Number of protein chains: 2
Amino acid sequence: MATSKSSVDCLHCPLRRKKAFRELNDGELQFVSKFKIGELDVDAQSSVLMEKQATPNVYTVLEGVLYRHRTLQDGSRQILNFSMPGDIVGLQLAMMGEIHHSVTALTPAKLCVFERNKFYSLFSGHPELAHSVTWIAATQETLLDNTIVSLGQRNAYQRIAHFFAQVYSRAESTGVASDGLLNIPIRNHHISEALGITPVHVSRTLNKLKRESVVERSNGYFSFPDLEKLAEVAAFDDHMPPTRPLL
Amino acid sequence: MATSKSSVDCLHCPLRRKKAFRELNDGELQFVSKFKIGELDVDAQSSVLMEKQATPNVYTVLEGVLYRHRTLQDGSRQILNFSMPGDIVGLQLAMMGEIHHSVTALTPAKLCVFERNKFYSLFSGHPELAHSVTWIAATQETLLDNTIVSLGQRNAYQRIAHFFAQVYSRAESTGVASDGLLNIPIRNHHISEALGITPVHVSRTLNKLKRESVVERSNGYFSFPDLEKLAEVAAFDDHMPPTRPLL
DNA sequence: CGCCAAGTTGAACGTGCTCAAGGGCTGTGG
DNA sequence: CCACAGCCCTTGAGCACGTTCAACTTGGCG
């Protein structure tokens, strides 16, 4: 894990070239360039934010995948969602100065670092960017809504299928998946902790999905030979807009 | 249901007098006054927003309680959360122009009406207010996080207890509850749809909570004779900041 | 080779679901 | 004033999805 001064310049941010992201104008770009105070590289498994610990920084994901999670008194853990390129990490920290979840890297990841104290200057100086922040927050809300619907109404089989459909869709649009291959090292216990299903039952249910050729796994990576079939058994219809703003 | 021109003036908004809400300065107040284009009064049970129907308006709750919900293909329904005074109704509509849930009044309610097309002017003209919007969105996220944790990790008993603790806490701080009495006509099927538990099992579990004197019900209204006991069996620790911004 | 983490599989159990019947309350109409 | 409908809640009994406990397999890595 290391922090370095902007090795990736915002002016040439590789994310902007991806189809999913909207362009910024020159003024915005220059502001973001100055707003970004550095970069954080983390290894897989390392924590970026910890529950109840207020850090001075807020991040956006430049590369890699992380997950937000919370641990209860009894030690059980709930994964809230996955953070992919373009996502904001620690928005609650920036807004309320408190955070009630941890954020851990699932893959090696690269994050852009911002000072949360200066976050307000983004609102006062660049309404377009402030609007983007809120856009991203509202989009997150939609994702959390989806998760609540899954946990509340679907059984293990549908839940896992829907989980994959959702994750794949987001991963594909942020360059972390393509051609049916999900380039994220998801283990059964992640699915277990994300969906509130025991690892044992995750295993059984996954095997059923494998037998039905909805899901495949090799070297620890999942793939989906027939994405339409996946969407169908998952009853998944994608709610996400095709393009999105970026800080 | 009727729309009338601002019978409640923002300058004398009754919500601001409540302890939970922050003050606005004169410039902000004047802007909000102009930004608000009217008021919407709805009866209990009537819908304010419908899934997939883009309306031109966005709202804030002035009085009463509503709930956001989504209906699946098979007809099952999930309540996502409850909207109480000060909450924004239809933020996703304002940001993305799409909405994937319905909003229905639980009690008779009064809403402030805003044009979603003009929402951007709030960002460009009043960064402090824009910041408030994002603050509210981030707070919502925390609430949804809590719900996900409940649905994923807790059994029916803990879920219901936590649900009440959470709802009461929010209701209390927005003036919809006091002295242990929750002034919202919640039926068993609401709990069922919010927590993914069948009405039958909700009934059984509620009776257990009643027997233990954690919960009481009279005339269809819940009350909690011992809020500390409730928080304890719910393993609830309140994540909400004591004061909050308001549009 | 041996270790450890992750996944698999079996068997028994339990929380919560389903189906079904009955009771209480409220509003409406005879 | 009673009859009846409709909604909500309650209670019982059987069932099933998912859990728990435990043993075994597999694969990566020292």
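**Exercise 1. The surface near DNA strand C**

How many nonpolar, polar and charged residues does the surface near DNA strand C have?

*Before you start.* You are working with a predicted model, in which local features need pLDDT of at least 70, side-chain atom pairs count only at pLDDT 80 or more, and totals for chains, interfaces and linings use all residues. Residues are numbered from 1 along each chain as its sequence is written, chains are lettered from A and ligands numbered from 1 in the order in which they are written, and side-chain values use heavy atoms, with hydrogens and water left out.

*Step 1.* Near means that a heavy atom of the residue lies within 4 Å of the strand.

*Step 2.* Sort by class: Ala, Val, Leu, Ile, Met, Phe, Trp, Tyr, Cys and Pro are nonpolar, Asp, Glu, Lys and Arg are charged, and the others, Gly among them, are polar. You should get four nonpolar, eight polar and five charged residues.

*Step 3.* Look at two phosphate contacts. A backbone N or O atom of B:Ala156 lies 2.8 Å from a phosphate oxygen of DNA strand C, and a side-chain N or O atom of A:Lys210 is 3.2 Å from a phosphate oxygen of this strand.

*Step 4.* Find the main contributor: helix 7 of chain A gives the most to this surface, with five residues. Helices here are DSSP runs (H or I, at least four residues), strands likewise (E, at least two), numbered from the N terminus.

**Exercise 2. Two sides of a helix**

Find which residues of helix 1 of chain A are buried and which are exposed on the face turned away.

*Step 1.* Buried means under 20% relative accessible area, exposed over 50%, and partly exposed in between (1.4 Å probe, protein chains only).

*Step 2.* In helix 1 (residues 26–35) of chain A, the buried residues are A:Glu28, A:Leu29, A:Phe31, A:Val32 and A:Phe35. They sit on the same side of the helix because they cover an arc of only 165° around the axis, taken from the directions from the helix axis to the C-beta atoms.

*Step 3.* Now turn the helix around: the opposite face carries the exposed residues A:Asp26, A:Gln30 and A:Lys34.

**Exercise 3. A pair between chains**

Work out where A:Lys52 and B:Asp237 lie.

*Step 1.* Their side chains meet in a salt bridge (3.3 Å, N to O); the term needs a side-chain nitrogen of Lys or Arg within 4 Å of a carboxyl oxygen of Asp or Glu.

*Step 2.* A:Lys52 lies in the loop between strand 3 (47–49) and strand 4 (57–63) of chain A, and B:Asp237 in the segment after helix 8 (227–233) of chain B, so the pair joins two chains.

*Step 3.* Check accessibility: A:Lys52 is exposed at 57%, and B:Asp237 is partly exposed at 39%.

Terms used. Polar contact = N/O pair within 3.5 Å; in protein donor to acceptor, adjacent residues only side chain to side chain.
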